[in-house]
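Me: I would like a close look at one part of this model, with its surroundings described afterwards.

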Amino acid sequence: MPEATMTAETHDAPKGFITRYIFSRDHKVIGLQYFTLSLIAALWGIALSLLMRSHLIAPEASWVFLEWLFPEGAPDGVMTPELYLALMTMHGTVMVFFVLTTAIQSGFGNYFLPIQIGADDMAFPTLNMLSFWVTFLAFLTLVVATIAAGGGPISGWTAYPPLSAVGEVAGPGLGTGQVIWIVAIALFCLASVLGAINFIVTTLNLRAEGMTMMRLPVTAWAWFATGAMALVAFGVLLAGGILLLLDHVALTAFFIPEGLIVSDRIIERGGGSPILWQHLLWFFGHPEVYIIIVPALGVLFHIIAVMSRKTVFCYRAVVTCIAIISTLGFFVWGHHMFVSGMSPFTSIPFSILTIAISMPAGAVAITWLGTLWRGKIIFNTPMVFALGFISYFVSGGIGGLFLGQTALDVYLHDTYFVVGHFHIIMGLAAAFATFAGTYFWFPKFTGRMMDEGLGKIHFWLTFIGGYIMFISMHLQGLAGRPRRYPDTETFDFLQPLMSLHQLITVAALATAAAQLIFVINLLWSIKNGKVSGDNPWNATNLEWTVSSPPPHDNFGGRRPVVTELSNTR
Amino acid sequence: MAWALSILYILVAAAIVLVFGGQQWWMPPAASELARDFDSQFIITLVSTGFFLVLMHIILSFIVVRFREGNSQADYWRGNVKWIWATVAAMAVLDVGLAVGSESIWTRQHIDPEPQNALRIQVIGQQFVWNARYPGPDGLFGLTDLTLVDDATNPLGLVPSDTAAKDDLVIPNLVVPRGRPVVLLLGSKDVIHSFFVRELRIKQDAVPGMLIPLRFTADRNGRFEVACAELCGLGHHQMRTFLEVLEPAEYEERIEQYRRGEF
């Protein structure tokens, strides 16, 4: 039965450079624009983390370029605590929003969702263009926040009020810098809601003949589920962001309680609740973790199936698991708030539901093993990254079983155990899915392969470096090391942790260097890679049936028809 | 490549087991019964989840060698859902076990009725110090007034004319008697702070506008560092004080000493 009940808004291939590559309405160009943005953001985020890591092991070191970049934050080139906290805030914001949320969902998703379902574009191409440019504007706004007068905001990417709400009186960067930061986040939310609408409508309405929902590739399911999550979650953060902005600019007090004295000044406003912000933030923030990881799962299924020369193990169960994970993600935000002052009764159901996620998550892991089982595993670069991902997913997921328990979280909350945990499960895992996807789909983008040798080196260094950094952080967290300390000296119990700090910093430098290998490989291969042909991996999804790169309308006027045997990946 | 990856999986699992099993970087010795329960729950979680971590890596290590290209032909096998149910069942058993242990500790720490003879102390955070306030012999916390706050002489803004406030003792550190239940009432003057004592395995945010109870009964004497665990601004990392656990007699003596203004 034909599923296409609506056709895309038709548009011809544009002629001019600007309409073709800048203000493009072509989902493929927009996908690559998102991907490029996330790559630039990732390099910036890595640079910020290297500055922080260097400061932690050499707090007195003076860097000329630092003084040149931040004359206020680094007088004489020595990083001040406020600069450390501002860099940390930016690192978190850039990585969570502009890298992890953007690369797989908006980048790969925009490029491949329409092709995988047999459509010639997203449902709303102009809206799609708008989403990208608003995201880009959000990114520029964030850059401005870093260099704003008074410094960047120091309240972390979670921006807990009253610290983030009362302005400069609470600390440097919390006035202008904080306001600009909130605007950047609000713009990003807006763009993400627009993008989510596109993903949902495209999946529901533009599928080719024969492409039933239960024949969608798992990747397409993941993008669709993520669109649904993003629609709800980003709307809530947008609301929270607007309220926080009003607390700054309109003298409201949504998040400011009665009777504050900050830096000897009585705050005249009051009546709000700091915990309200935490509920809004984490109502977004936990689904956000799945907004990041579910598309990564989708990419993983695709690559593992192709490189094992098999179909996805128990496809229907996999789709069910993705749906369950995406739904459960909305009912567990309270596990970020066990020590927030929220009622201890409320914590119990949040804890139990959080731990229960191990059931669908474990099922997902077992379907990877099942897909590999009795396969013919080909160890090319996309596949080794996928196999590395599985290890991270298991190790990182298990950290969640510690932190999801109310009793254990009390000690581990806001320590480096948490930092190590989310860097493995959210940072490294999603990054590995992005790398796997990049090596895998690069031939489709360009018609050329990336270099296998460099790809393997990139894998080994990143995989080992990643584990060294973030398992060490778990250990520091066990010793009680709180996060967001620009210093390792003040407390006696922090001093024995210096050797681990040094190890992490060295591993961070090496891992960062490995990412340069990736960037060089990527740029070099665009012009010089081996010519790939249309389907170098012998894969079966629709994107591999069209030329590399695909024609403007994806199928060159052909209307694909999907049958039972041709799919389920 | 298959063999290299296979070995890598084993090395990852072995390294994780070693660094967590070695306990070189670990929690300090516990100083309360609940803290020891926390430690047992932590070990139970570590061992039971560690089992699955090692198992997964061993299976992966086997798979990448056994089913590598050249050693295996792909089989047209779409899977059997019984493996998924088996996994869900295994996870369910693990989850129930962990949840029961965790929630029973949580309930005792946060939900069970407060002990009758508990010592109640207000602990108020501000950028970047902690102040503890003992109610004095009357057992009452007196009135405070924002406009009277002066960081040097009257950090909490006690009202001198209020009789209940007169005997309140305000000090920038904490002393508690060993063996007696303590309820801290955590508050904040400005932004959110978090009161973290590693030895007692306790952590609780101090939120302005709220007084949040935090209980413990220390059973080991010592002087423990108190850290702020919630980002509170520029000096977050310097927000340090001490919680001293003393023998009851020593405790009374120390409090008297503080009352006389001897620090």
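In the open sheet of five strands that includes β1 of chain B, what is the order of the strands, and what kind of pairing do they have?

Reply: The model is a predicted one, in which local features need pLDDT of at least 70 and side-chain atom pairs count only at pLDDT 80 or more, while totals for chains, interfaces and linings use all residues. Residues are numbered from 1 along each chain as its sequence is written, and chains are lettered from A and ligands numbered from 1 in the order in which they are written.

The sheet in question has the order β3-β2-β1-β5-β8 in chain B, and its pairing is mixed; strands here are DSSP runs of E of at least two residues, helices are runs of H or I of at least four, and both are numbered from the N terminus. Its edges are formed by β3 (169–171) and β8 (212–216) of chain B, each of which has a single partner strand, so one side of each is left without a neighbour in the sheet. Neighbouring strands are turned by 25 degrees against each other on average, with direction ignored. At one of these edges, β3(B) runs antiparallel to β2 (129–134) of chain B, and three bridges join the two, where pairing requires that DSSP find at least two bridges between the strands. Within this pair, Val170(B) of β3(B) stands opposite Arg133(B).

Chain B also holds an open sheet of five strands in the order β4-β10-β9-β6-β7, again with mixed pairing. Here β4 (174–177) and β7 (202–206) of chain B are the edge strands, and each has a single partner, so one side of each lacks a neighbour in the sheet. From one strand to the next the twist averages 25 degrees. Inside this sheet, β6 (193–197) and β9 (222–228) of chain B run antiparallel and are joined by three bridges, with Val226(B) in β9(B) as the bridge partner of Val197(B). Helix α5 (248–259) of chain B packs on the sheet by touching β4 and β10 (240–246) of chain B, and its direction makes about 145 degrees with that of β4(B); such angles run from 0 to 180 degrees between N-to-C directions, and the axes are lines fitted to C-alpha atoms, for helices over the stretch in contact.

Taken as a whole, chain B has five helices and 10 strands. Its radius of gyration is 26 Å, well over the 18 Å that the globule rule gives for 263 residues, so chain B is more spread out than a compact globule; the radius is taken over C-alpha atoms, and the rule is 2.2 Å times the number of residues to the power 0.38. Along the principal axes, its C-alpha trace spans about 90 × 40 × 35 Å.

Chain B is divided into domain 1 (2–68 + 82–111) and domain 2 (119–259), with bounds that come from an automatic or database domain assignment. The centres of these two domains, taken over C-alpha atoms, are separated by 37 Å. The contact between them involves 10 residues of domain 1 and 13 residues of domain 2 of chain B, where contact means that C-beta atoms, placed from the backbone, lie within 7 Å. On the domain 1 side, helix α2 (33–66) of chain B gives the most, with four residues. That side comprises seven nonpolar residues, two polar and one charged; Ala, Val, Leu, Ile, Met, Phe, Trp, Tyr, Cys and Pro count as nonpolar, Asp, Glu, Lys and Arg as charged, and the others, Gly among them, as polar.

The partner, chain A, has 16 helices and two strands. With a radius of gyration of 23 Å, close to the 25 Å that the globule rule gives for 569 residues, chain A is as compact as a globular protein of that length. Its C-alpha atoms fill a box of roughly 70 × 50 × 50 Å along the principal axes.

Where the chains meet, chain A contributes 91 residues and chain B 82 residues. The elements of chain A that give two or more residues to this contact include α4 (81–116), α8 (274–308) and α15 (452–478), but α11(A) gives the most to that side, with 10 residues. By class, the chain A side has 56 nonpolar, 24 polar and 11 charged residues.

How values were computed. Contact = placed C-beta atoms within 7 Å.
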